[in-house]
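Visitor: I am new to this structure. Please show me how to read its features.

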Amino acid sequence: MKREGSDVEGGKTPPAGDPIDFEIIELFFFAYRDFTSDPDAILETRGFGRAHHRVVHFVDREPGMTVADLLETLKITKQSLARVLKQLIDSDYIRQVAGPEDRRQRQLFTTDKGKALARALAEPQSRRIARALAATGPQMRDTVKRFLESMRNPQDEAERRRPDAR
């Protein structure tokens, strides 16, 4: 796709006076499409989708997280989570247990099957990230992290930096 703009160190800048950087926007679209394509194929064989991926990922990364914590992390409603979580529990990928202090609180854990799925979904994404960092230079990892953190909503970033946050 050819775009207007001057060539600056191998990249394009938005046309003069245009505040929208369509090239970067399109690169994000394509990168996201490709970043999710391998896990999507794995999930499809199980009848799952991206919502299942997000749940398995975060529960695996934080064993014992509560349903409330997961809702806050994913920024979704209970209704949206209920169907996906039920499928993952019924399929033995996620285990739900009552909280130790408050029996109404539900803590979530990946089962061995869930851990294997989380790993299978993360491996192709990790390889893709490693290839991209190798192409840009490993010294760029911190820059990439800062850039991606800067893309987050400010209120989410403030929550992440809170000392008592997960």
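Guide: We go from the whole chain to a sheet, then to one residue. Keep in mind that this is a predicted model.

Visitor: How many helices and strands does the protein have?

Guide: Start by counting elements. The protein has 7 helices and 5 strands. Then read their order along the sequence: β-β-α-α-β-α-α-β-β-α-α-α.

Visitor: What share of the residues counts as buried?

Guide: Of 166 residues, 23% are buried. The accessible surface is about 11,700 Å², with 54% of it belonging to carbon and sulfur atoms.

Visitor: In what order do the strands of the open sheet lie?

Guide: Sheet order need not be read off the numbering. Here 3 strands form an open sheet in the order β3-β5-β4, and the pairing is antiparallel.

Visitor: Why is one side of β3 and of β4 left without a neighbour in the sheet?

Guide: Both β3 (65–66) and β4 (94–98) stand at the edges and have a single partner strand each, so one side of each has no neighbour there. β3 pairs with β5 (residues 106–110) over 2 bridges. In one of these strands, β5, Q107 is the bridge partner of T66.

Visitor: Now a single residue. Is Q125 buried or exposed?

Guide: Compare its relative accessibility with the cut-off: buried means under 20%. Q125 has 9%, so Q125 counts as buried. Q125 sits in helix α5 (residues 112–136).

Visitor: Which residues does Q125 touch?

Guide: Leave out residues up to four places away in sequence, and Q125 touches F35, T36, P39 and H53. A polar atom of the Q125 side chain lies 3.1 Å from the backbone oxygen of F35.

Definitions and conventions: Residues numbered from 1 in each chain as written. Predicted model: local features only at pLDDT ≥ 70, side-chain atom pairs only at ≥ 80, totals over all residues. Heavy atoms only, no water. Pairing = 2+ DSSP bridges. Helix = DSSP H or I, 4+ residues; strand = E, 2+ residues; numbered from the N terminus. Buried < 20%, exposed > 50% of the residue type's maximum accessible area, 1.4 Å probe, protein only. Areas by Shrake-Rupley, 256 points an atom, 1.4 Å probe, with all protein chains shown as cover. Polar contact = N/O pair within 3.5 Å; in protein donor to acceptor, adjacent residues only side chain to side chain. Contact = heavy atoms within 4.5 Å.
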